[in-house]
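Here are my notes on the model you sent, as numbered points. Please read them with the structure open.

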Amino acid sequence: MSGTKDVDWAGAADAQEKSLIKQVGGLEVEDKTDEAASAAEQSLFQKIIRKGLIESTHDLEIQRKDPKSPLFSVKSFEALNLKPQLLKGVYAMGFNAPSKIQESALPTLLADPPQNMIAQSQSGTGKTAAFVLAMLSRVDQSKNYPQVLCLSPTYELALQTGEVALKMSQFATDLSLRYAVRGEEIARGSNITDHIIIGTPGKVLDWGLKFRFFDLKKIKVFVLDEADVMIATQGHQDQSIRIQKQLSRECQILLFSATYDSTVMDFAENIVPNPVIIQLRREEETVSNISQYWVQCETPELKYTSIANIYGVITVGQAIIFCHTRKTASWLAEKLTKDGHTCALLSGELSVGDRIGVLDRFRDGKEKILITTNVLSRGIDVEQVTIVINYDLPVDHTNGKADCETYLHRIGRTGRFGKRGLAINLVDGEKSMEVLHDIESHFGKPIVKLDTEDVSEIEKLQK
Ligand SMILES: Nc1ncnc2c1ncn2[C@@H]1O[C@H](COP(=O)(O)OP(=O)(O)OP(=O)(O)O)[C@@H](O)[C@H]1O
């Protein structure tokens, strides 16, 4: 899948540069965190930057409503009795064997009589591929009306799912798909003849209920994708429920989510009657292979000096620096660039396409330092990052307390795949010292003080 080719990176950098010059008048830190990237944008960004399947060694938890029904899982796609064209499509996508969640979900997804399902596993574990395969398998091509309906939270996410469906059905040429998203129009009084509809809740409601372009009662499979993102959008929850109420009692209802908090669960149980629930626990991340340090520096200037000192002494592969606000991030990028470092700046005001462009350049090693706000702490996977610097420690913006989960996500960007990584935290006062102590006691691993004025101390970092 592309998404990077149209990116005008230089243009984006120029635009950032201009806004940076406009914005940055002094050193005072703007009290605005970078929350601009919505849940849907984050999800899209992660999907696009992901290079493949995230393998998990963690166990699945499966709850069945019917304890008598045997639970089985498959180790191969052949065992699923798929239509030959679909099996061919799956292999053409480079899938050799089902992923962990697919092993257990697919037999249930394809079972007869159909069963409802709620499935949760972290982003990238193969959920989309699983439900798309179920969607495609249930279509009866001899009937020219919509039989499968998939709701996505946004236009872009709907298109992503559609692309997977198109690839997987590349050999099933008589299967057709239609997007129900903004910009797609149909003449009044028409009937949709495509087998599959993928769309956003508002448009689907219009097409199905208001204009009756298709019959919701004839839908055999109803998929709610990215339920966690869906409920984060005002109105989507109600629209989804209104659609669900129109479906026949036999319709198979499937709900997928990357997270599993109580709001998602409440929504899921409200909309999916009598489901099989499959959960893949998130891989525990640890800080065990990351050396953590902290540096006392009371002012932004001193924070800058300590970064410069570290760079002056040791050879750093690639680094990510996390700031609390866009303004600080812009200021730091400008200052480091002036001092001859090649830096990239990534923050929430960039479009998803521009963010991908910045990240691609960093991955290719065109810049050695990536400065960012929280936008990036999840989902990025750059193998060569050897050092993470918390220019500002992560705090929960609602109460100002240590945000340990974000800390783990941030420093988890280094020391991946068992390699040793380095995390340096800049502490600029009592408040951030408190935050540091909270993080230290949360993970139960010491964060060691580092004097960046002392060359021999910095040299030790490399050993
Ligand atoms: N069985 C498989 N073998 C190899 N690669 C796979 C397999 N299933 C999915 N993939 C690939 O792994 C990546 C992640 O899969 P997918 O998008 O289905 O995950 P997801 O759990 O739906 O993620 P999200 O929650 O972000 O929607 C994709 O690039 C997909 O092509």
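1. I start with a single residue, Ser-248. With a relative accessibility of 19%, Ser-248 counts as buried, because the cut-off for buried is under 20% relative accessible area. The residue sits in a loop, the one that runs between helix 9 (236–245) and strand 7 (252–257). Once neighbours within four places in sequence are set aside, the contacts of Ser-248 are Leu-216, Lys-217 and Ile-219. Please keep in mind here, and throughout, that this is a predicted model.

2. On the overall make-up, the protein has 463 residues, and buried ones make up 52% of them. There are 16 helices and 15 strands. Among contacts with a separation of 6 or more, 78% are between residues 24 or more positions apart. The accessible surface of the protein is about 21000 Å², and carbon and sulfur atoms hold 49% of that surface.

3. Next, the ligand. Its surroundings comprise 19 residues, of which Lys-47, Ser-123, Gly-124, Lys-127 and Thr-128 come nearest. Sorted by class, this shell has nine polar, six nonpolar and four charged residues. Helix 5 (residues 127–137) supplies the largest share of the shell, with three residues.

4. Which backbone atoms lie beside the ligand's nitrogen and oxygen atoms? For Ala-97, a backbone N or O atom is 2.9 Å from a nitrogen atom of the ligand. For Gly-126, a backbone N or O atom is 3.0 Å from a ligand oxygen atom. A polar backbone atom of Ala-129 is 3.1 Å from an oxygen atom of the ligand. On its own the ligand has 630 Å² of accessible area, and the protein covers 83% of this.

5. The largest nonpolar core has 43 residues. Those with the most contacts inside this core are Leu-109, Leu-133, Met-135, Met-168, Ile-196, Ile-198 and Val-223. Helix 5 gives the largest share of the core, eight residues. Helix 5 therefore appears twice in this note, since it also gives the largest share of the shell around the ligand, where a residue counts as near if one of its heavy atoms lies within 4 Å.

6. Ile-198 deserves its own entry. Not counting residues up to four places away in sequence, Ile-198 touches Met-135, Cys-150, Ser-152, Ala-158, Thr-161, Gly-162, Ala-165, Leu-177, Arg-178, Tyr-179, Ala-180 and Val-181. Another core, of 34 residues, lies apart from the largest one, and its members include Leu-44, Ala-344, Leu-393 and Leu-408.

7. Leu-408 leads to helix 14 (residues 404–411), which is mostly covered, with seven of its eight residues buried. The buried ones are Cys-404, Thr-406, Tyr-407, Leu-408, His-409, Arg-410 and Ile-411. What covers them? The cover includes strand 9 (290–296), strand 10 (318–322), strand 13 (385–390), strand 14 (421–427) and helix 15 (430–443).

8. Is Gly-357 buried or exposed? Gly-357 has a relative accessible area of 7%, so it is buried. This glycine is part of helix 13 (residues 352–363). From Gly-357 to Val-148 the C-alpha to C-alpha distance is 35 Å, and the two are 209 residues apart in sequence.

9. Some backbone geometry should be checked by eye. The peptide bond from Asp-112 to Pro-113 is cis, with omega near -5 degrees. Pro-113 is placed in the loop between helix 4 (100–110) and strand 2 (117–120).

10. Two residues should be looked at for phi. Asn-81 is not a glycine, yet its phi is positive, at about 55 degrees. Asn-81 is in the loop between strand 1 (60–63) and helix 3 (84–92), and with 71% relative accessibility Asn-81 counts as exposed. Arg-212, also not a glycine, has a positive phi of about 50 degrees. The loop that holds Arg-212 runs between helix 7 (201–210) and strand 6 (221–224). Arg-212 counts as exposed because its relative accessibility is 54%, and exposed means over 50%.

Terms used. Residues are numbered from 1 along each chain as its sequence is written. This is a predicted model: local features need pLDDT of at least 70, side-chain atom pairs count only at pLDDT 80 or more; totals for chains, interfaces and linings use all residues. Side-chain values use heavy atoms; hydrogens and water are left out. A polar contact is a pair of N or O atoms within 3.5 Å; within protein, one must be able to donate a hydrogen and the other to accept it, and residues adjacent in sequence count only if both atoms are side-chain atoms. Accessible areas come from the Shrake-Rupley method with a 1.4 Å probe; for residues, only the protein chains shown count as cover. Helices (H or I, at least four residues) and strands (E, at least two) are DSSP runs, numbered from the N terminus. Ala, Val, Leu, Ile, Met, Phe, Trp, Tyr, Cys and Pro count as nonpolar, Asp, Glu, Lys and Arg as charged, and the others, Gly among them, as polar. A nonpolar core is a set of buried Ala, Val, Leu, Ile, Met, Phe, Trp, Tyr and Cys residues joined through side-chain atoms within 4.5 Å. Buried means under 20% relative accessible area, exposed over 50%, partly exposed in between (1.4 Å probe, protein chains only). Contact means heavy atoms within 4.5 Å.
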